[in-house]
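Open the model in your viewer and keep the selection panel at hand. The stops below go from one selection to the next.

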Amino acid sequence: MRLTNFTRAFGDNVIISDLDLEIGKGEFVVLLGRSGSGKTTLLRTLAGLDDATGQSVRIPGSRAVVFQDARLLPWKKVWRNVALGLRGLTGLVRDKAERALHEVGLGHRLDAWPLTLSGGEAQRVALARALVREPELLLLDEPFSALDALTRLKMHELTLALWQAHRPAVLMVTHDVDEAIALADRVLVLDQGRIVTQERITAPRGERSDVARGLRQRLLSALGSGAEHASVIPFRQSHEAFA
Ligand SMILES: Nc1ncnc2c1ncn2[C@@H]1O[C@H](COP(=O)(O)OP(=O)(O)OP(=O)(O)O)[C@@H](O)[C@H]1O
């Protein structure tokens, strides 16, 4: 997946400016940025939801998006929500949806109605619905920000397990620096439509929580930086933060 010199404006208001971004096969990239920095605009472009983008965008055909809210159709049972858009005989499609729901720990809720699910369960269904199509690129737009802290941690574990099993490239948008550190191979900080910092994290995911202070500090200060730093793009290998 690649964007080259990508610019997006609404009228005179330039939201993304000359952005270059490449995500490798199977790479987990997290995009951090303050409110209004252009994260959703970028994600919508990659999702193919923004038809005003031109040739500077090269994205794989198979993509799936999970949003902050699960966006399930309340009049369709859970398995039918997962099966939306899948073609084939009903029995085979149901089997596929069932396997996906098992993978997210909801094999027992196939025939439930979406409105009877908790917020965390609904997001699990949204993940199953995204992954059942085996996308090459999985786009996650603040998927866990409405969940409580404990559910969010469980969703991190699940997301990593699913990513390891299916290996899509991932671009996840979040406001949460700790979430970024816990999940990413690479963290980008977007500010006023430019990438102002990138950090590659090489430490094993299970060993990141208490030792990442240096990295955390750098990401927080990049988030706090203004346009005056917008042209500086430091790129670090972040293992030193874990020493
Ligand atoms: N369709 C649109 N028309 C005009 N302006 C838009 C449109 N979509 C987004 N913008 C503007 O683009 C800027 C970036 O918005 P965007 O939603 O990408 O930010 P964000 O980083 O995702 O913010 P948040 O974290 O609050 O979701 C904002 O100033 C917003 O007002």
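Start at the ligand and select helix H1, residues 39–46. H1 gives the most to the shell around the ligand, with three residues. Keep in mind that this is a predicted model.

Now widen the selection to the shell itself. The ligand is surrounded by Phe10, Ile15, Gly33, Ser35, Gly36, Ser37, Gly38, Lys39, Thr40 and Thr41. Colour these residues by class: two are nonpolar, seven polar and one charged.

**Strand E3**

Gly33 belongs to the shell around the ligand and is also part of strand E3. Select E3, residues 28–33. Is this strand covered or not? E3 is mostly covered, with six of its six residues buried. In a regular strand, side chains alternate between the two faces of the sheet. Look along E3 for the two sets. Phe28, Val30 and Leu32 point one way, while Val29, Leu31 and Gly33 point the other way, and all are buried.

Next, show the strands that pair with E3. Add strand E7, residues 169–174: E3 and E7 pair in the parallel sense over five bridges. Pick valine 30 and look across to E7, where its bridge partner is methionine 172. Then add E8. The pairing of E3 with E8 is parallel too, over five bridges. Here, leucine 32 stands opposite valine 189 of E8.

**Strand E9**

From E8, residues 186–191, go to strand E9, residues 194–200. Select threonine 197, which is found in E9. Buried or exposed? Threonine 197 counts as buried because it has 22 C-beta neighbours inside 10 Å, and 20 or more are enough to qualify. Now place a distance label between the C-alpha atoms of threonine 197 and valine 187. The label should read 8.0 Å, for two residues ten apart along the chain.

**Helix H7**

Select H7, residues 213–224. What span should its twelve residues have? At 1.5 Å a residue, H7 should span 16 Å, and its end C-alpha atoms are 16 Å apart, so the two agree.

Colour Leu215, Arg218, Leu219 and Ala222, the buried residues of H7. They cover an arc of only 95° around the axis, which puts them on the same side of H7. Turn the helix round: on the other side, Arg213, Gln217, Ser221 and Gly224 are exposed. What do the buried residues of H7 pack against? Show strand E3, helix H6 (177–183), strand E8 and strand E9 to see these partners.

**Helix H4**

Move on to H4, residues 119–131. Its 13 residues should span 18 Å at 1.5 Å a residue, and the end C-alpha atoms are 19 Å apart, which agrees.

H4 is mostly covered: ten of its 13 residues are buried. Select Ala122, Gln123, Arg124, Val125, Ala126, Leu127, Ala128, Arg129, Ala130 and Leu131 to see them. Then bring up what covers them. The cover includes strands E5 (63–66) and E6 (137–141). It also includes helices H2 (78–83), H3 (90–103) and H5 (149–166).

**The whole chain**

Finally, zoom out and clear the selection. How many helices and strands does the protein have? There are seven helices and ten strands. Of the 243 residues, 38% count as buried. Turn on a contact map as well. Among contacts between residues at least 6 apart in sequence, 71% join residues at least 24 apart.

Note on methods. Residues are numbered from 1 along each chain as its sequence is written. This is a predicted model: local features need pLDDT of at least 70, side-chain atom pairs count only at pLDDT 80 or more; totals for chains, interfaces and linings use all residues. Helices (H or I, at least four residues) and strands (E, at least two) are DSSP runs, numbered from the N terminus. A residue is buried if 20 or more other C-beta atoms lie within 10 Å of its own, exposed if 12 or fewer, and partly exposed in between; C-beta atoms are placed from the backbone. Two residues are in contact if their C-beta atoms, placed from the backbone, lie within 7 Å. The expected span of a helix is 1.5 Å times one less than its number of residues. The arc is that of the directions from the helix axis to the C-beta atoms. Two strands pair if DSSP finds at least two bridges between them. A residue is near a molecule or strand if its C-beta atom, placed from the backbone, lies within 6 Å of it. Ala, Val, Leu, Ile, Met, Phe, Trp, Tyr, Cys and Pro count as nonpolar, Asp, Glu, Lys and Arg as charged, and the others, Gly among them, as polar.
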